[in-house]
Structures are given as C-alpha cells and as structure tokens.
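Subject: Handing over a structure, with notes on what was found

Dear colleague,

I am passing this structure on to you, and since you are new to it I have added some notes to read beside it. Please look it over first and then go through the notes at your own pace.

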Amino acid sequence: MEYFSGDSEDDMSDSEIKDCEEKCYSELLKGVHLIRNKDGTLRCPFCKGKKKQDYKYKDLLQHASGVGAGKRGVEATGGHRALEKFLKSHLTDAAEPPTPRTVHLEQEAPQRPNAEELIVWPWMGIIVNINRTMVDGKYVGAGNSELKERFAGFHPIQVHALWSYEGHLGKAILEFSKDWKGYNDAISFERSFVENHHSRKEYYGRDPGSELYGWVARSEDYNATSPIGKHLRLKGDLKTVAQINNEDLRKKNKLVEDLHNTIQEKNKYLETSKEKLSKLEYYIVLTDSARQKAEENYRRLEETHREELNKFQQEIHALINHRNEENRQLNRDLEKQMLELEQRRKELEQREAQNDFEKKKLEEEKNKVYNKKEGLQRANEIQKQNEQKQLKLIELHEKQNRDLSIQVHQQRKVLADRQKKELDIQRLKQHIETLREVRDGSDSDNIKKIETLESELQEKNDEMESLQDMNQQLMCKEREVNDELQFARKAAIEILNEGVPANSQIIVKRMGEIDSEAWRGACQRKFAYNEWQTQYAEMHSKWEDNLRDPSWYPFKVVPVLGETEKHELIVNEDDEKLRNLRNEMGKEVCDTVIVALKELNEYNASGRYPIPEAWNKAENRRATMKEIVLYLSRTKAKKRKTRA
C-alpha cells in the first residue's frame, strides 16, 4: 500500500518494494545497519548523505513514515518502511516524553497558534497528495484504517479519506481527541511536516511533487469550498484557543460546583439519617426493655397462678380424700358396734339372770348407736337432695337449651320474613317510582293506584319494624339462654371433677396437657433403667414450659382445600423445635405436643394453660350436654340400686 501522490502509473512495483523491505528488515535484525549514536540519539541508516543524523525516536519514526509513503525509489521506500517497522517492534524503549525541539536554520519553525487565532475544534489534521491509482475508471487510494495505522504515532482517534464520484481524492482528515493531549498530538503532527518542508505553505507555494503534505486545519481550510472545507464545517467549529480554554475551565468549575452541592446535600442527608437512626435505636431500646419487663411479669404471674392452682387442687384432693376416709372409717366403726351389740343382745337373751341395770345400760348404748345411724342417714339424705338439685339444674338447663333451639328456629323464621318484607318493600318502591314517572295529571286511576301502593308500603314498613323488634328480643333471649347453658356446663364439669370411675365413658380432660404415656414409653426405650424416670421428668417439664411460652407460636395460615377464599390456622410441623423433638424422641411423642398445641389454641389461646373439659372418651371428642346429663342420670340410678 502506498501513501505518495501522482496520478500517472508508477515505475516501481509493489513486489519489488516488498522484497526490499523484507531484506532491509532482516539486515536490521542482524545488526548490519547502525541506528544508535554514541550520545543516545538515533540515526537513519538509509540516508547516509543527509546532514541530520541525530534524531529523537519520535522524529526518526516520522521521518521513516514520511519517506516510506513517498516516491524516492525502491531502495529508499523499502528501507524506510523496514526502519519504521523495526522502530515500532524493537526500539520502543528509546521513546521519550516530548522535549523542546531544536530548530535548525534550514528548517521553518512551526508557529504555535496564539490565543486569538481561529482553529478547527475538535482538533483536525489535513493530509494531501496521497498516492492514487486508476482501477476500472476510478481512483483508488489508501483507506481509513491504513492511514490511521501509518500515523498511529500521533494517536488520531479517527481518519476520514475523502472520496467523490471520480473515486479517491488523494486527501484525508485526521481527527484528534478533544482534550489538550489531542491538541499536542495535532501540533506534533504539523511540526513533523514543517521539519521536512511539507507544510501548507510549501504545498500551495510550489510544485508538491509526489511527497505527502500535512498541517492543522484552520479558518482558511474551514471556510474553503473544497471537500475539505465541507467536511470540516460538518464535523467541527472555528474557535480560538482562549475560547476553548475558557469553556474547559467553565465546565470544570461547573463540575466542581455541582460536586460541592452534591456533597453538601449528601452531608445533610447523612446528618438527618444519623438523627433518625439515633431516635430509632433509642425507641428500639425502650421497646425491648418494655417487652422484657412485660414477659418477665407475665412469666411471674403465670408461675404464681400455676403454683396457686396446684396448691389449691392438692388441698381440695386432700380434703376430699380425708372426708371420704372419715366416712368409710365411721361406717366400719358403726357396723362393728352393731355386730357387737347384736352379739351382746343374743348373749343377754340367753342369760336368764340379767339385772335391770345392765338392761338399761344396753338400751342406752343401743339408742346412741341408733342416733349415730340416724345422723349418718340424714347426711346421706342431704347428699341425695344435693344430687337431686344438681340433676334438676342440669334438666333445667337442658330445657333451656331446647328453648334456645326453638328460639333460633324462630329467629331464622323472623329473618326469612324480614328478608321477604324487604323484598316486598323494594318491589313496591320500584313500582311506585315507575307509576310516578309515567303518570299524567289527568290520570286519576294511576293516582289512586299510587296512593294504594303507598299505603301498602307504609304497612310493610310497620311490619318490618315489628319484625326488627322481635328479632332483637330473640337475640337477647338467645344470649341469656346461652350464658345459662355455659353455666350449667361448668357446674356439670365440677360435679364430674369430684371423681369418676377409670372406665367411665364421660371423663374430665385437661385440654392442653401433654399425654404422659407416650413420653414414658419413649423414655423407657431410649434411656437406661436407672435414669429414664429422671429424663422423663425433665423433658416433660421442659415441654410443658414450651407450651406456656407466648413467644413460641408454631402455627401457620393455609388456604382451605377446595376453597381459595377461606383459610385456616394449623400447626407448622416443620417448626425447628418440633422437628428436633421428632428426630430425637420419635413421631408419637411429637404428636402429643401437636395435639396439646391444637387444644390450647382452641380452648385457651390467650392464657395458654390447661382448662378442664367434659370429654367423650369412647369417641375421643368433646362431650355434649345431653351426654353429660344421661351419664349423671345413669350414675344416679346405679347409686340407688347399690344402696337398695
């Protein structure tokens, strides 16, 4: 590829130049040609007759690039291309930061633009006199990528080769970065052509020949009507260096000001956030303290309640057992005395010589025994009367329960009548409104009909108010009967709690207590004989405390199967405590805790302590009031039969 101008066919062939380039590059690698001077500068081994032989790295690279793109013969072109390739690949360590350049007398010093000179921005360089060849009636020359690679030492960001309908124009524009580094690259680009007398002045002041020419785009290029001017006006603007510098300073000042304002806002926001965080931490500390105090008070109250309840139950059980034992002992004593008296009576009858004193004494003792027996009978009668009163109370509440069912039925009937009345009232209102909309002032029949319907509507409203009053009365009565029924159930539970046989169908179950049988069996299987009882007591007590702990809430809400809008609360069997218990003690023990949780949530979710409930042991469910009454009746009948 060639970068020199000339519209005629060239005598040199690309193959000859390529062969020469490869030969010279091989010689450079072998050290045949001397490139470094003793003072550290560089020289061109292919320009032996030239005076200047103390190049800097960048200057020598530009020299090799310019000559290699020109037309000085096969050896000069190939040798300088090989030198450029060798410099880029093996002498990059010789490159130095740019230093003040020495201006020789035979060279024209490049003029640095003053502050008021108009220059094209973004910085652009112009290359002219690029070699072209005619192919199929069109001029063909170096493309953008080839030119960019050729002038890579000046770091152009883009290269635009200019074309027209005739083909390549032999001209190109290099675009540099917009910053001051790009400005320095553009000035270095122009200086390299000035040093070789290939600037704009020489291009327009003499025959350009076949060499490349280049310079930095200024106002005369920007305002030209040539394709170069059109491209410059399309891609850039004319500005002075002072304007560009001031604009750059203004942008930097604006950026600094914006950053300062942003930092101020961030600092204010940070201070506000710190204040909010401090308040939040203070509230959290207060909340935690209050929560801990409340939990401690609740724990103390619960322990006090549990202790008082256990103590009261123990006292009641002890008192009942003591009284029962006294009654049994009294009966045994009375029976024994009766037997002794009967024996003595028989002995006295057999004795013929019984004096009056002994007879009188015997009668007195018999009277005492009879008095004691009558006292015991009276106590039994009082107990029977109490039992009869309890049965009557249960029967009374059972009757009230039936009355409640009747009242519920009546209330449902009243609600149905009320809904019907409401529908009738709504229908009459719509009918009246329809007649009012279509009536005519002279239509007396419609007027009478409206008056009749309004009278009927008033009657319906009166009936509606009467039904509402009746419904209110039934609701009040229902609440009273329900309260009495609950009272009767509590009284029945207290009667059952005094003692029922072990094989009884109706028992009193403490809802929320853990079933101990499964725990005993699991502990016997898991632990040694001499320690299973201790382990059982500790683990059972621990899980009783877990059930009372209000902070442990192993429940979750799930939708009801088949009904997406309804939800139910169930025990979360994947809870960490339950899962650990299941893994440690087995599923049967874990199920006893789950059952206790369900019972507490159903019967005493707020207090979370066990409460007594009448229970149908055979069907494992809550006993109905009817079943309780039947059980008490059968128990009463058995007692009578036993006494008989």
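What follows goes from the whole chain to single helices, strands and residues.

Please keep in mind throughout that this is a predicted model. The secondary structure of the chain comes to 16 helices and 13 strands, and of its 644 residues 33% are buried. Where contacts join residues at least 6 apart in sequence, 66% of them link residues that are at least 24 apart. The chain exposes about 42,400 Å², and carbon and sulfur atoms supply 50% of that area.

A helix to begin with is α3, which covers residues 74-90 and has 17 residues; at 1.5 Å a residue it should span 24 Å, and its end C-alpha atoms are indeed 24 Å apart, so the expected and computed values agree. Its buried residues include Ala76, Thr77, Gly78, Gly79 and His80, and also Arg81, Leu83, Phe86 and Leu87. Among the elements that cover the buried residues of α3 are α1 (14-30), α2 (57-69) and α4 (144-150).

The loop between α1 and α2 is the place of Arg36, which counts as partly exposed because its relative accessible area is 39%. Arg36 and Asp54 are 18 residues apart along the chain, and their C-alpha atoms are separated by 9.0 Å.

A hairpin comes next. Strand β3 (residues 132-135) and strand β4 (residues 138-141) pair in the antiparallel sense, with 4 bridges between them, and one of the bridge partnerships is that of Arg132 with Gly141 in β4. There are 2 residues between the strands of this hairpin, where Asp136 takes a positive phi near 55°. Arg132 also lies over the face of Tyr139, at 4.1 Å from the ring centre. Elsewhere, the charged end of Lys509 sits over the ring of Trp615, at 4.4 Å from its centre.

Turning to aromatic rings, a search of the whole structure finds 16 aromatic pairs. One of them is the pair of Phe151 and Phe193, which is tilted, with 6.3 Å from centre to centre and 35° between the planes. Phe151 lies in the loop between α4 and β5 (158-164), whereas Phe193 belongs to helix α5 (residues 180-195), so this pair ties together parts that are 42 residues apart in sequence. Phe151 counts as buried because its relative accessibility is 2%, and Phe193 is buried as well, with a relative accessible area of 5%.

A further pair is formed by Tyr203 and Tyr213, whose ring centres are 5.4 Å apart and whose planes stand at 55°, so that this pair is tilted. Since Tyr203 lies in helix α6 (residues 200-205) and Tyr213 in strand β7 (residues 213-216), the pair ties together parts that are 10 residues apart in sequence. Tyr203, at 19% relative accessibility, counts as buried because the cut-off is under 20%, and Tyr213 is buried with a relative accessible area of 1%. Ring pairs also link Phe151, Phe154, Phe176, Phe189 and Phe193 into a cluster.

Two further residues can be looked up one at a time. His231 lies in helix α8 (residues 227-235) and is buried, with a relative accessible area of 13%. Leaving aside neighbours within four places in sequence, His231 is in contact with His160, Leu162 and Ile173.

Ser504, for its part, lies in the loop between α11 (444-497) and β9 (506-511), and its relative accessibility of 7% is why it counts as buried. If residues up to four places away in sequence are not counted, Ser504 touches Lys617 and Tyr631. Ser504 and Asn616 are 112 residues apart in sequence, yet from C-alpha to C-alpha they are 9.2 Å apart in space.

With kind regards

Key. Residues are numbered from 1 along each chain as its sequence is written. This is a predicted model: local features need pLDDT of at least 70, side-chain atom pairs count only at pLDDT 80 or more; totals for chains, interfaces and linings use all residues. Side-chain values use heavy atoms; hydrogens and water are left out. The expected span of a helix is 1.5 Å times one less than its number of residues. Buried means under 20% relative accessible area, exposed over 50%, partly exposed in between (1.4 Å probe, protein chains only). Contact means heavy atoms within 4.5 Å. Two strands pair if DSSP finds at least two bridges between them. Accessible areas come from the Shrake-Rupley method with a 1.4 Å probe; for residues, only the protein chains shown count as cover. Rings of Phe, Tyr and Trp (its six-membered ring) pair if their centres lie within 6.5 Å; planes under 30 degrees apart count as stacked, over 60 as edge-to-face and the rest as tilted. A charge sits over a ring if NZ of Lys or CZ of Arg is within 6 Å of the ring centre and within 35 degrees of the ring normal.
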